Amino acid sequence: MKKRKVPLRKDIVTGELHPKKELVRVVKNKQDEVSVDPTGKKPGRGAYIALDVAVAEQAKAKKTFDKAFGVKVDAAFYDELVAYVDHQQARKELFGDDA
């Protein structure tokens, strides 16, 4: 059987390439609302960060998504992002790679 190509995306905080499944997509829609996109299919401009709490904290400190999307992102969004990444990281540790 032919091996499938693994889609890679760039983490906007660290600049490293990772498989798409190891990243979380953050999307800005036409109304300039920024949100976490767990499905990876929401319409709008997307950016990715690694499923790592330290990286999410770094994004919060540097206001990475403010710069990436060119809009003022609420501090509550960064808290939500850190909580989401923490939850997904814990799920991955509990259930393995297929969670």
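Two residues are in contact when they have heavy atoms within 4.5 Å of each other. With that in mind, here is a starting point for this chain: of its contacts with a separation of 6 or more, 49% are between residues 24 or more positions apart. Welcome to a predicted model, in which local features need pLDDT of at least 70 and side-chain atom pairs count only at pLDDT 80 or more, while totals for chains, interfaces and linings use all residues. Residues are numbered from 1 along each chain as its sequence is written, and side-chain values use heavy atoms, with hydrogens and water left out.

**The chain as a whole**

- The chain holds 3 helices and 5 strands; helices (H or I, at least four residues) and strands (E, at least two) are DSSP runs, numbered from the N terminus.
- Reading from the N terminus, you meet the elements in the order β-β-β-β-β-α-α-α.
- The chain is as compact as a globular protein of its length, because its radius of gyration of 14 Å is close to the 13 Å that the globule rule gives for 99 residues. That radius is taken over C-alpha atoms, and the rule is 2.2 Å times the number of residues to the power 0.38.
- Measured out along its principal axes would be one way to picture it: the C-alpha trace spans about 45 × 25 × 20 Å.- Of the 99 residues, 33% are buried (buried means under 20% relative accessible area, exposed over 50%, and partly exposed in between, with a 1.4 Å probe and protein chains only).

**Surface and charge**

- The accessible surface of the chain comes to about 6,900 Å², and carbon and sulfur atoms hold 53% of it. Such areas come from the Shrake-Rupley method with a 1.4 Å probe, and for residues only the protein chains shown count as cover.
- There are 21 positive and 16 negative side chains, and the centres of the two sets lie 9 Å apart. Lys and Arg count as positive and Asp and Glu as negative, while His and the chain ends are not counted; the place of a charge is taken as NZ of Lys, CZ of Arg, CG of Asp or CD of Glu.

**Strand β3 and its partners**

- Strand β3 covers residues 23–28, and 6 of its 6 residues are buried, so this strand is largely enclosed by the rest of the structure.
- Leu23, Arg25 and Val27 point one way from β3, whereas Val24, Val26 and Lys28 point the other way.
- Strands β3 and β5 (residues 45–50) run antiparallel and are joined by 6 bridges; two strands pair if DSSP finds at least two bridges between them.
- On the other strand, β4 (residues 34–37), β3 has an antiparallel partner with 4 bridges.
- Within that pairing, Arg25 has Asp37 as its bridge partner, and Lys28 has Val34.
- A hairpin links β3 and β4, with 5 residues between them.

**Leu23, a residue of β3**

- Leu23 lies in strand β3 and is buried, with a relative accessible area of 8%.
- Across in β5, Ala50 stands opposite Leu23.
- Not counting residues up to four places away in sequence, Leu23 touches Arg9, Asp11, His18, Tyr48, Ile49, Ala50 and Leu51.
- Pro7 is 16 residues from Leu23 along the chain, and their C-alpha atoms are separated by 11 Å.

**Two loop residues with positive phi**

- Asp32 sits in the loop between β3 and β4. This residue has a positive phi of about 60° although it is not a glycine, and at 41% relative accessibility it counts as partly exposed.
- Lys63 is placed in the loop between α1 (53–62) and α2. Its phi is positive too, at about 55°, although Lys63 is not a glycine, and its relative accessible area of 38% makes it partly exposed.

**Two buried helix residues**

- Thr64 belongs to helix α2 (residues 64–69) and is buried, with a relative accessible area of 11%.
- Leaving aside neighbours within four places in sequence, Thr64 is in contact with Ile12, Val13, Gln58, Ala59 and Tyr78.
- Leu81 is part of helix α3 (residues 75–95), and at 0% relative accessibility it counts as buried.
- With neighbours within four places in sequence again left aside, the contacts of Leu81 are Val24, Val26, Val36, Ile49 and Phe65.
- Leu81 and Leu17 are 64 residues apart in sequence and 20 Å apart in space, C-alpha to C-alpha.
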